[in-house]
Structure formats: structure tokens, C-alpha cells
Amino acid sequence: MANVLWLQGGACSGNTMSFLNAEEPTVIELVTDFGVNILWHPSIGLEIGDQVSDLMNDCISGKVQLDILVFEGSIIQGPDGTGTMNYFAERPMMDWVKDLSEVAAYTVAIGDCATYGGIPAVPPNPSESTGMQFHKTDKGGFLGANYVSKGGLPVINIPGCPAHPDWITQILVAISTGRIGDVLIDQFHRPTTFFSDFVQNGCTNAMAFGEKIDGHFGQRGGCLFYEVGCRGPMTHASCNRILWNRHSSKTRANHPCLGCTEPGFPHHDLKKGSVFKTMKYLGFLPKETPTGESKLTYYFKAGIGKVTNAPDSAKNYGQSK
Ligand code: SF4
Ligand code: SF4
């Protein structure tokens, strides 16, 4: 059995909504079949007021064993490093997180804000938001680069805006069944089982990518990389492999991937002209090219393909790197 305490900081509750939609396993199955005991959750916990602060204090004192601390939303440190902009149970939330992360067997950050700071951390960042153990791509964040939980792992990051529900429930199962030691994490602390493939892997537009056929929002028959800024070839996530609601994904619905599972999200800090638009040099060379090959190689191959009209093999793209 694993006791889970779920807290929220600078959050929109999007990851909670995602979590509640989990299918493999569902939240109910987490409890009935996998020994997860949800001590408290802001949306489904029954306790209020002092009952919640008493529970958290009992976790900190060791009276209640805290197996998994889940955090959703950014860590708000403003104003001036006090954290009082996000007060919870009569203390800055960041103080609760500090104390609880020291007693938790495992600490899990859910969603882009908790993992890397996300949209709240975009400059000028008035709330002084940061992620649990990263600030964008820089390791450190709120808990510091050297943080490890009692179970010996750093913060396990499940990014996404929101994170896919099954990424969340399956990692909770791995911890509650004692198998988290088998889960590898990458340099940004993402479980490789979900974040080795690119979003492009399994995208139904992959052939059009190879043939360089432009696509448009919501229209079948083209690739969204060339004009509307799809980040599928640069984004590690299994969105086209396990799909959302078991049915679809952004790119299958012809909406560009925004790259929400990468620590740089939101990319270019939402600078004007950088969203839903492929940024280009000289008006025709994409500034960002598929991960895994140099820009020059990509431009060369794409140029040859254009001149000879020979499609790049789509299967060259979207493979694990
Ligand atoms: S993931 Fe994006 S860039 Fe890749 S084929 Fe699909 S629409 Fe095109
Ligand atoms: S398709 Fe891209 S933007 Fe959409 S959830 Fe997956 S990684 Fe995030």
C-alpha cells in the first residue's frame, strides 16, 4: 500500500482533470487493485481546514507515512522569495512542500508547471514561479539539483500540459507495487517508457512530412511542420502511440503539437509570432529542425528532396533517438 498526498501550487487543475480521466488504470482501480491510498487531494479529499493541516503535520512528524508526494502546479516563491503569494493552511505552500519532500519516500511532479515552471515561469514571472527540481531546462528549481527523496530518487517528472492520465496512474502503480526501481528516467527526469519516442511516431501525417506537403489546422492531408509550427519531430512523448481517450491526439486531429512535454515549454516564452507559426530564416528555412540530425543535414536532405521531388522516407523521422 502507498499513501499519496497530492498538493497544488500555481495550477489550473488541468492535471487533476486529466488524472480523473485515466483509463489504464483508472483512479478507482488505483485504489481498489493497486494499493494506492489517497490521503488527500484538493478536489476529491473530504478533509477541510485544520483536518488538512493536521494531516500534513502528521506526515512531517512521521505519525503518518508519506509514500508519494504528488505536486501539481508551479512553486510560487513571490513576492521576494517569501512564497506568501500562495498561502495554504496558514503557511506558504512552498514551506509545506519543502517539509513534506524531506519525509516523502518518492516525490512526483505532475504537469509542465510542477516539472519545469511552465507558463507561470515565463518572464517577467511576477509570481517567481519555478519547477520542483528544474527551472525550464536548468536543473535546480525549488528543491535544488541534489535533492533525492527518502527512496533515493530525484523528483520524478511527468510533464505535459496536461500530462496524459495514464502516464500519471502508471507511475503511481509502479511506485505502489515496488517497481519504480525498474523505471529509467532521462536527463530531465522523465520516465523513458513514455518519453523516448517522438510525438511524430505514430502521427498519421508522417507521410506528408516526408513529402513536404503543407497541412492546415483541422484539415486532413498535410503536415503541420512547415507553416503552423508543429513540434512533433522535436518533442518526446507517446501521444500518438497510446493516444488520448484511446482515440486521438492533437496531430491526428490536425492541430500542431505545442511541445508541451519538453522543458522549454512554452517555447520562445510565447514571444509574438512564435505560437502556431513555424519560425524561419530567410522566410523559408525552419529555424527548428527535427531532433537527432544537424540543421545543415536536414536542410540538405530537404533541399535535394524538393529539387528531385523525391520524398524523404517518413520512416526516417519520428524514431526514438
Ligand atoms: S507530428 Fe507534426 S510534424 Fe510530424 S508528421 Fe505529424 S503533423 Fe507533421
Ligand atoms: S501532442 Fe504535443 S502538445 Fe499535445 S499533449 Fe502531446 S506533447 Fe503535448
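Of the 14 residues around ligand 1, which come nearest? They are Cys203, Cys223, Phe225, Cys230 and Gly232. Keep in mind as you look around that this is a predicted model.

## Around the ligands

Those five belong to a shell around ligand 1 that, sorted by class, has ten nonpolar residues, four polar ones and no charged ones.

Now turn to ligand 2. Going along the chain, its surroundings start with Gly160 and Val199, then take in Thr235, Ala237 and Cys239. Ser249 and Lys250 come next, and the list ends with Cys257, Leu258, Gly259, Cys260 and Thr261. By class, the shell around ligand 2 splits into six nonpolar, five polar and one charged. If you want to find the charged one, look for Lys250.

## Two domains

The chain's domain assignment gives two pieces: domain 1 covers 2-195, and domain 2 covers 198-321. Measuring from centre to centre over C-alpha atoms, domain 1 and domain 2 are 31 Å apart.

Where the two touch, domain 1 puts in 18 residues and domain 2 puts in 15. On the domain 1 side, helices α5 (111-116) and α7 (192-195) each supply at least two of the residues that touch domain 2. That same side of domain 1 is made up of ten nonpolar, four polar and four charged residues.

## A pair of packed helices

Next, have a look at helix α3 (residues 50-61) and helix α4 (residues 93-103). Their axes sit 8 Å apart, and the helices pack at an angle of about 45°. That angle is why α3 counts as oblique to α4. As for handedness, α3 and α4 make a left-handed crossing.

Which residues of α3 meet α4? From α3 come Met56, Cys59 and Ile60, and on the α4 side they meet Trp96, Asp99, Leu100 and Val103. The contact of α3 with α4 has six nonpolar residues, no polar ones and one charged residue. The charged one is Asp99, in α4.

## Backbone oddities in the loops

Most residues other than glycine have a negative phi, and most peptide bonds are trans. With that in mind, a few spots in the loops are worth a visit.

The peptide bond from Gly78 to Pro79 is cis, with omega near -5°. You'll find Pro79 in the loop that runs between β4 (75-76) and β5 (87-88). Another cis peptide bond links Pro123 to Pro124, and here omega is about 10°. Pro124 is in the loop between α5 and β8 (129-130); α5 is also one of the helices on the side of domain 1 that touches domain 2.

Then there is Ala89. Ala89 isn't a glycine, yet its phi is positive, at about 50°. To find Ala89, look in the loop between β5 and β6 (91-92).

How values were computed
Residues are numbered from 1 along each chain as its sequence is written. Chains are lettered from A and ligands numbered from 1 in the order in which they are written. This is a predicted model: local features need pLDDT of at least 70, side-chain atom pairs count only at pLDDT 80 or more; totals for chains, interfaces and linings use all residues. A residue is near a molecule or strand if its C-beta atom, placed from the backbone, lies within 6 Å of it. Axes are lines fitted to C-alpha atoms, for helices over the stretch in contact, and angles run from 0 to 180 degrees between N-to-C directions. Helices (H or I, at least four residues) and strands (E, at least two) are DSSP runs, numbered from the N terminus. Angles under 35 degrees count as roughly parallel, over 145 as roughly antiparallel, 65 to 115 as roughly perpendicular and the rest as oblique. A crossing is left-handed if the near helix is turned anticlockwise from the far one by less than a right angle, and right-handed if clockwise. Two residues are in contact if their C-beta atoms, placed from the backbone, lie within 7 Å. Domain bounds come from an automatic or database domain assignment.
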